[in-house]
Amino acid sequence: MNYLVCIVEDEPDISELLAVTLKKANFLTRCYLNGNDFLSNLEKDNPSLIVLDLMLPDIDGLEICRLIRNNIKGKNIPIIMLTAKSDEIDKVLGLELGADDYITKPFSPRELVARIKAVLRRKDYSETEKFIDIDGIIKIDPGKFEVFVNDEKIELTSTEFKLLKLMVQRRGWVFSREQMLDYLWGNDKIVLDRTIDVHVKNLRDKLGIARDYIKNIRGVGYKFD
Ligand code: CA
């Protein structure tokens, strides 16, 4: 395993603790005490994952997150945000801006390692495009764009397929309509939030008996669970 984790954290004690913990778990690490140093080395480092503190002396962690996601080279690097307090708004914002997970200080090193491994697993999984089997009820073949419900093939549009795959790959995660729109159309989006509702409704109808896997989270968005 040669995963390199970049740690962006201005408090030396925490940074040190993170580095020691990750090294013990066989990760390579590189520590940055501010956002600018980290950003100027991002391409060179090409990390497998970034642990990013929210409050930094020079650039806000959320801003860094946004910059990374808007950079072609950094687009797919997983980010775990560190937040000082359990501030719901920061968490939600972090996830909106493309962070993969967050952890609240004070955290247990063991939990952080578990989260990092989970995020990396998810990423490797999505990159290998494995056949996805959900409880034997829904089966997805990402390579062939095929979906089966109880072994019967259902016909999805490419938008419905993408939405299903997005939600399935992060089971239990709540996606806002905005995130779904971004995922589907990126900056070119000219459609309305309601468009997502229409696609999700059609997708659920086509899933038939498996429709209840997709749950509507009132006022937020959707999740697959
Ligand atoms: Ca800090």
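Two strands count as paired when DSSP finds at least two bridges between them. By that rule, five strands of this predicted model form an open sheet in the order E2-E1-E3-E4-E5, with parallel pairing. Strand E2 (28-32) and strand E5 (101-104) stand at its edges. Each has a single partner strand, so one side of each is left without a neighbour in the sheet. Neighbouring strands here are turned by 20° against each other on average, direction ignored.

**The chain overall**

The protein chain holds eight helices and 12 strands. Of its 225 residues, 46% are buried. Among contacts with a separation of 6 or more, 55% link residues 24 or more positions apart. The chain exposes about 12100 Å². Carbon and sulfur atoms supply 51% of that area.

**Inside the parallel sheet**

Strand E1 is largely enclosed by the rest of the structure, because five of its five residues are buried. Both of its faces are covered. Leu4, Cys6 and Val8 lie on one side, and Val5 and Ile7 on the other. In a regular strand, side chains alternate between the two faces of the sheet.

E1 pairs with E2 in the parallel sense over five bridges. Within this pair, Val5 stands opposite Thr29 in E2. Elsewhere in the sheet, strand E4 (residues 79-83) runs parallel to E5 and is joined to it by four bridges. Ile80 has Asp101 in E5 as its bridge partner.

**The calcium site**

Which protein residues donate to the calcium ion? The donors are Asp10 (OD), Asp53 (OD) and Met55 (O), at 2.1 to 2.3 Å from the ion. Along the chain they follow the spacing D-x42-D-x1-M. Asp10 lies in the loop between strand E1 (4-8) and helix H1 (12-24), while Asp53 belongs to strand E3 (residues 49-53). The pair therefore ties together parts that are 43 residues apart in sequence.

The two aspartates can also be described by their exposure. Asp10 is partly exposed, with a relative accessible area of 27%. Asp53 is buried, at 2%. The cut-off for buried is under 20% relative accessible area.

**The antiparallel sheet**

A second grouping, an open sheet of four strands, has the order E6-E7-E8-E9 with antiparallel pairing. Strand E6 (132-134) and strand E9 (152-154) are its edge strands, each pairing on one side only. Neighbouring strands of this sheet are turned by 25° against each other on average, direction ignored. Helix H6 (residues 158-169) packs on the sheet and touches E6, E7 and strand E8 (146-149). The direction of H6 makes about 110° with that of E7.

E6 and E7 pair in the antiparallel sense over three bridges. Ile132 has Ile140 in E7 as its bridge partner.

The strand pairs described above are set out here.

| Pair | Sense | Bridges | Bridge partners |
|---|---|---|---|
| E1 and E2 | parallel | five | Val5 and Thr29 |
| E4 and E5 | parallel | four | Ile80 and Asp101 |
| E6 and E7 | antiparallel | three | Ile132 and Ile140 |

**Lys139 in strand E7**

Lys139 sits in strand E7 (residues 138-141). What does its side chain meet in a polar contact? The partner is the side chain of Asp151, at 2.9 Å. Leaving aside residues up to four places away in sequence, Lys139 touches Phe131, Ile132, Asp133, Glu146, Val147, Phe148 and Asp151.

Key:
Residues are numbered from 1 along each chain as its sequence is written. This is a predicted model: local features need pLDDT of at least 70, side-chain atom pairs count only at pLDDT 80 or more; totals for chains, interfaces and linings use all residues. Side-chain values use heavy atoms; hydrogens and water are left out. Helices (H or I, at least four residues) and strands (E, at least two) are DSSP runs, numbered from the N terminus. Buried means under 20% relative accessible area, exposed over 50%, partly exposed in between (1.4 Å probe, protein chains only). Contact means heavy atoms within 4.5 Å. Accessible areas come from the Shrake-Rupley method with a 1.4 Å probe; for residues, only the protein chains shown count as cover. A polar contact is a pair of N or O atoms within 3.5 Å; within protein, one must be able to donate a hydrogen and the other to accept it, and residues adjacent in sequence count only if both atoms are side-chain atoms. Donors are N, O and S atoms within 2.8 Å of the metal (3.2 Å for Na, K and Ca); water is not among the atoms, so sites may look incomplete. Axes are lines fitted to C-alpha atoms, for helices over the stretch in contact, and angles run from 0 to 180 degrees between N-to-C directions.
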